[in-house]
Amino acid sequence: MGCCDAPGLMPIEDALEKMLSGIKPIQTTLKLPLAEALGFVLAEDVLSPIHVPPFANSAMDGYAIRLADLKPNKPLPLAGKSFAGQPFEGEWQENSCIRIMTGAKIPEGCDAVIMQENTQVSETGIIIQQCQIKPNENIRPIGDDIRCGDLVLAKGTRLTPRDIPMIASLGISHVTVVRKPKVAFFSTGDELKSLGEPLLEGEIYDSNRYGIKPLIENFGCEAIDLGIIPDCPETLRKTFDTAQSLADVVVTSGGVSVGEADYTKDILQELGEIGFWKLAIKPGKPFAFGKLRTAWFCGLPGNPVSAIVTLYVLVQPMLAKLAGHSQWKAPESIHAITQSAFKKSPGRTDYQRGVYRIENGQFVVESTGNQSSGAFRSMSLANCFVVLESERGRVEAGETVTIQPFNSTMY
């Protein structure tokens, strides 16, 4: 630990290393129709079975010509047409041209395609007004985009809306993917109420599950919502048993602090083992990680911002490794100039919420306001984390800080 690390708190880097070192990717694979594969991770490389395009084709609407047929100011009569899906067939007579459309197959013997804008139609044929014509001009050769046998997508890639049509262009109807990790989650606390129920004194609505579920799904996992569990040891124990029977990972919200009614730690020690408890991160210090009999365990703090921060920063890379998503990358870190002050004390890495933009080619950032771990509006307004190093203190406007723009899972 560094000189400014809080005593008894594990640094974030050590926690991530400990979490990831024990995780092994899921080995179960599925063969899915391409239309159902979005969001899954490839279990095998995708190699192209064909050339793309499979034949030389025109990059423009115009006229297919042979350079040897060109004579100054001599019109070229039209010998036929080549449209997409309707290639020219028959004998192509000398000293003539073929009308061709974008994407249409290039007739045999064609040296170039002349854009229609560079031609003039006369009674005796097509007059070419272009001065210089290069061989193969406006012709897309066979395999111009992808060659047969090329590696198109590597094993470990999570399929996006950009990948699916590319695979479809290869004529591949099914892909082999890794089964999505199953994540069971629930909130704990007698003070929590479901949406739609009236609040009594001292009660609050359970908002955490509504943030946890979409993030888990955006991480590429199957989310299993087990609801709100009261602060009852026996009920919690049964819920943990149910959760680990259903899922690869169990995620809880609340019940990991040091309060008298926080039973999670004791139950986890009964059902499995604790990897670590309490990190040098703000917000989110009471984050827990461990192993149940048949599932991993991540205990998120109960405060709404803390729960989302630790899920995003710590649980996201763990689930990516479990899913076999070897192409996953941590959020990018960028230097930015602050336009507002940030309160901070040395001792923990602080993930404050900010809004960044680019002004005159420079990244600038400002606070979203109230940075309390219970004030979720700061998350709703933000588009980045302002990551303040553990040894750093208060930050004044005009200083340089590190920001992490939210990745696609936050949108």
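Biologist: Which residues in H1 meet H6?

Modeller: In this predicted model, Ile12, Leu16, Met19 and Leu20 in H1 meet Val313, Leu314, Pro317, Met318 and Lys321 in H6. The residues of this contact divide into eight nonpolar, no polar and one charged; the charged one is Lys321, because Lys is counted with Asp, Glu and Arg as charged.

Biologist: Why is H1 called roughly parallel to H6?

Modeller: The two helices pack at an angle of about 25°, with their axes 10 Å apart, and that makes H1 roughly parallel to H6, because angles under 35 degrees count as roughly parallel. The crossing of H1 and H6 is, moreover, right-handed.

Biologist: What makes H3 roughly parallel to H6?

Modeller: Helix H3 (residues 208–218) packs against helix H6 (residues 304–322) at an angle of about 15°, and their axes are 9 Å apart. Set against the limit of 35 degrees, that angle makes H3 roughly parallel to H6. The crossing of H3 and H6 is right-handed.

Biologist: How do the residues of the contact of H3 with H6 divide into nonpolar, polar and charged?

Modeller: On the H3 side the contact has Asn208, Gly211, Ile212 and Leu215, which meet Pro304, Ala307, Ile308 and Leu311 in H6. The residues of that contact divide into six nonpolar, two polar and no charged; Asn208 and Gly211 are the polar pair, because Gly is counted among the polar residues and Asn is in neither the nonpolar nor the charged list.

Biologist: What makes E17 and E19 the edge strands?

Modeller: The open sheet is formed by six strands in the order E17-E14-E18-E22-E21-E19, with mixed pairing. Strand E17 (222–229) and strand E19 (273–277) each pair on one side only, and are therefore its edge strands, where pairing requires at least two bridges. From one strand to the next the twist averages 20°.

Biologist: How do you know that E18 and E22 pair, and in which sense?

Modeller: Strand E18 (residues 249–253) and strand E22 (residues 296–300) share five bridges in the parallel sense; since at least two bridges are required, they count as paired. Within this region Val251 stands opposite Cys298 in E22.

Biologist: Which strands does H1 lie across, and which does H3 touch?

Modeller: Helix H1 (residues 12–22) lies across E19, strand E21 (288–291) and E22, and runs at about 155° to E19. H3 packs on the sheet by touching strand E14 (182–188), E17, E18 and E22, and its direction makes about 170° with that of E14. Because angles over 145 degrees count as roughly antiparallel, H1 is roughly antiparallel to E19, and H3 is likewise roughly antiparallel to E14.

Biologist: How do you know that a cis peptide bond joins Val52 and Pro53?

Modeller: Omega is about -5° at the cis bond that joins Val52 and Pro53, and Pro53 lies in the loop between strand E3 (46–47) and strand E4 (57–58). A cis peptide bond also joins Lys282 and Pro283, again with omega of about -5°; Pro283 lies in the loop between strand E20 (281–282) and E21. These bonds deserve notice because most peptide bonds are trans.

Biologist: What is the phi of Asn136, and what is that of Asn138?

Modeller: Phi of Asn136 is near 65°, and Asn138 has a positive phi of about 60°. Asn136 lies in the loop between strand E10 (125–128) and strand E11 (139–140), as does Asn138. Neither residue is a glycine, and most residues other than glycine have a negative phi.

How values were computed: Residues are numbered from 1 along each chain as its sequence is written. This is a predicted model: local features need pLDDT of at least 70, side-chain atom pairs count only at pLDDT 80 or more; totals for chains, interfaces and linings use all residues. Side-chain values use heavy atoms; hydrogens and water are left out. Axes are lines fitted to C-alpha atoms, for helices over the stretch in contact, and angles run from 0 to 180 degrees between N-to-C directions. Helices (H or I, at least four residues) and strands (E, at least two) are DSSP runs, numbered from the N terminus. Angles under 35 degrees count as roughly parallel, over 145 as roughly antiparallel, 65 to 115 as roughly perpendicular and the rest as oblique. A crossing is left-handed if the near helix is turned anticlockwise from the far one by less than a right angle, and right-handed if clockwise. Contact means heavy atoms within 4.5 Å.
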